[in-house]
Amino acid sequence: MSAPTPAPIPTPTAPGALPLIGHGLRLARDPLPFITSLREYGSVVRIRIGPTPAYVVTDPALTRRVLVTDAAHFTKGGKYNDALRVFLGDGIATVADGDTHLRNRRLMQPMFNKVHIAEHGNAMIDQVRKIVGAWPATEPRDVLADMNEITLATFLVAVFGADLPAHLEGEFTALMPEIMKGTIRQVILPPWITRLPLPANRAHSDRVARLRALIDQAIDHHIHVTAPGSASADGASGAEACPYAAEAHRRQSGLFETLIDAEDQLGRRQLQDETITLLAGSIETTGTTLAWALYEIARNPAVERRLREELASVCGDRPLRYDDIDQLPYARRVLQEAIRKYGVLWMVTRTAARDIVLGGHLIPEGADVVWSPHLHQHDSSYFPDPDTFDPDRWEADRVAGTRGSFLAFGDGRRKCIGENFAWVELQIILATVLQAWPRFKVTSRPPRAQAVITVEPDALAMEFHSDSAC
């Protein structure tokens, strides 16, 4: 005879909820202190986002159950996911679990295998070097804006090839930050407010519509220039221009070619959705990580010295090459620690597909389940002294203790498909900035972390110098 199932544990409710908006004010004013404070109330804590209850999982082991072990019972969804779908559509990051997600992920997977990325690695390096090398020396620069620009340009070269019209890149750069701010506003406000014909709501809808129009232009341009028989720069077709044109054409076309080949399976709307999903992920998470990494490097001379010594030992006086990346382990640890310390994501949601007990707490069917990489990666049980920037915590003999709590790329069947690409892009950009500029320094006050979609510095200005003298 089986033992009786124990009764669920009462789930604590976080204090400070207000009528109608629940904990929305806390989430708007101080989201990071609020979300990390929930750990003190228990492993699962109830909050209210507007009038809707949500269950925040503060224990990394329980989050792994949500993402991996019991993933079938915690499906993609929730208020955060719904807000993202307004501009991402049904891309693989937001589409519901099921056959569509599985099919689209399989179609996109070849874009992100290491061999395919490697074919475009040196083109990415060339693009970064061109942008970074054009910065005027000793001029204060907005580091987050610069990193977003570089990550976007690198993404566009890798995905679409090197000949995308410049005006598209410029509009992408201008639109994305405002769209992200509008999205987080939709997350924390009650649904009835976000549905009103308010100027902010209309502006958000207009920006999303413009983004889709730009994506359509990029897709059409890409299809045109990579079509069989399309003219090369000198007017000859690819086959006429060079006996190796087929191979050159394939490399020039970018990672996106694998999706273009599958357009008949995806359809144009789905192709838009997947492109926007990749674009958003490339800019927000990668650009933010690099901005924080440069800030920490600038204020930690020992870290900067080790980075430059490692880079010099691998490259000497020559420029970075793609094959060098795997020989820069300390640079990767620095980037991983920047991701760990600053999030970079701070809220992700799932939906309970049925009544289910998690850590002894009953989660009702249809409820939002929230987990936070930022919260888990500041848990001192896994990361001692979590507010200290310490790249050496990722050395092989120390990293075992963090297993299961570093969830910046998610886990399970919804783990970020672009993780390999992200690491390549991060390492290329960081190494190229270090090679181009022997010295840089922060010229603004210390930045405060602000939670938008990612955890961004609220203000970060730096000067870049062409000599190493102080």
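A search of the whole structure turns up 22 salt bridges. The structure here is a predicted model, and three of its charged pairs are worth a walk-through, followed by a look at the chain as a whole.

Take D411 and R64 to begin with. Their side chains meet in a salt bridge, with N and O 2.3 Å apart. Where do D411 and R64 lie? D411 sits in the loop between α20 (396–399) and α21 (419–436), while R64 belongs to helix α3 (residues 60–69), so this pair ties together parts of the chain that are 347 residues apart in sequence. As for their surroundings, D411 counts as buried, at 18% relative accessibility. That label follows because buried means under 20% relative accessible area. R64, on the other hand, comes out at 32% and counts as partly exposed. In this salt bridge, then, a buried acid is matched with a partly exposed arginine.

The pair E139 and R141 comes next. Here the side chains meet in a salt bridge with an N to O distance of 3.7 Å. The story does not stop with two residues: salt bridges with shared partners link E139, R141 and D146 into one network. Buried or partly exposed: how does R141 count? With a relative accessibility of 15%, R141 counts as buried. E139 has a value of 37% and is classed as partly exposed. So in this pair the arginine is the buried partner, because 15% falls under the 20% cut-off, and the acid is the partly exposed one.

The remaining pair is D30 and R26, which form a salt bridge whose closest N and O atoms are 3.2 Å apart. Neither name gets the buried label this time: D30 is partly exposed, with a relative accessible area of 26%, and R26 is partly exposed too, at 29%.

Now for the bigger picture. The chain contains 21 helices and twelve strands. How much of the chain counts as buried? Of its 470 residues, 53% do; D411 and R141 both carry that label. Contacts across the sequence are also worth a glance. Among those between residues at least 6 apart in sequence, 74% join residues that are at least 24 apart. The salt bridge between D411 and R64 links parts 347 residues apart. Finally, there is the outside of the chain to consider. About 20,000 Å² is exposed, and carbon and sulfur atoms supply 55% of that area.

Methods
Residues are numbered from 1 along each chain as its sequence is written. This is a predicted model: local features need pLDDT of at least 70, side-chain atom pairs count only at pLDDT 80 or more; totals for chains, interfaces and linings use all residues. Side-chain values use heavy atoms; hydrogens and water are left out. A salt bridge is a side-chain nitrogen of Lys or Arg within 4 Å of a carboxyl oxygen of Asp or Glu. Buried means under 20% relative accessible area, exposed over 50%, partly exposed in between (1.4 Å probe, protein chains only). Helices (H or I, at least four residues) and strands (E, at least two) are DSSP runs, numbered from the N terminus. Contact means heavy atoms within 4.5 Å. Accessible areas come from the Shrake-Rupley method with a 1.4 Å probe; for residues, only the protein chains shown count as cover.
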